Amino acid sequence: MFPAETVVLVIDDMISMRKTLTNIIKDFGLTKVTEAQNGLEALSILNNNYKAGNPVGLVLCDWHMPEMSGLDLLKSIRERDEFKALPFLMITAENDKSKIIEAIKCGVSNYMVKPFSPSDVKAKLTEIWKKHNPGK
């Protein structure tokens, strides 16, 4: 699982979903959680944290948001060397295989379909940790 000092960015346009995810993440011992309400705000946070030497180490992002969707955010960060390998969990109500395949092609680390439970989140984060840290 991700170390306690990992900076986590939770992105969702619904404050209730951000708070739910933040609480779940904190229950896993990850206390450095930042929130954004859309992809544009998230990009700003990613850039500012990176420049400040406190880079985000995990992103949990909703797919459908105003301003910039989760998929557009994913595409944008995968184009930048400093974020190419950033663990990214897409959270969505979409269970259409073509959408999931599109996210995989864009470099998503994993995806989770709403509704979900804390154990679902933990399982996905464990899978992502293993994928990004083989042998650890």
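These legends walk through four close-ups of a predicted model. Local features need pLDDT of at least 70 and side-chain atom pairs count only at pLDDT 80 or more, while totals for chains, interfaces and linings use all residues. Residues are numbered from 1 along each chain as its sequence is written, and side-chain values use heavy atoms, with hydrogens and water left out.

**View 1. An open sheet of 5 strands, in the order β2-β1-β3-β4-β5 with parallel pairing.** β2 (32-36) and β5 sit at the edges with a single partner strand each, so one side of each has no neighbour in the sheet. On average, neighbouring strands are turned by 20 degrees against each other, direction ignored. Strands here are DSSP runs of E, at least two residues, and helices are runs of H or I, at least four residues, numbered from the N terminus; two strands pair if DSSP finds at least two bridges between them. β1 (residues 7-11) pairs with β2 over 5 bridges, in the parallel sense, and Val7 has Lys32 in β2 as its bridge partner.

**View 2. Strand β4 (residues 88-92), with 5 of its 5 residues buried.** That makes β4 largely enclosed by the rest of the structure. Buried means under 20% relative accessible area, exposed over 50%, and partly exposed in between (1.4 Å probe, protein chains only). Phe88, Met90 and Thr92 point one way from the strand, and Leu89 and Ile91 the other way.

**View 3. β4 and its partners, β3 and β5.** β3 (residues 58-62) runs parallel to β4 over 4 bridges, with Leu60 matched to Leu89. Over at β5 (residues 110-113), 4 bridges again join parallel strands, and Met90 is matched to Tyr111. Helix α3 (residues 70-78) links up with β3 and β4 in a right-handed β-α-β unit; helix α4 (residues 97-105) does so with β4 and β5. Right-handed here means that, with the strands pointing away from the viewer, the path from the first strand over the helix to the second runs clockwise.

**View 4. Helices α1 and α5 pack at about 65 degrees, axes 10 Å apart.** Axes are lines fitted to C-alpha atoms, for helices over the stretch in contact, and angles run from 0 to 180 degrees between N-to-C directions. The two helices are therefore roughly perpendicular (65 to 115 degrees). The contact (heavy atoms within 4.5 Å) is made by Leu21, Ile24 and Ile25 of α1 and Pro118, Val121 and Leu125 of α5. Helix α5 (residues 118-132) also lies across β3, β4 and β5, at about 170 degrees to β5.

How values were computed:
Angles under 35 degrees count as roughly parallel, over 145 as roughly antiparallel, 65 to 115 as roughly perpendicular and the rest as oblique.
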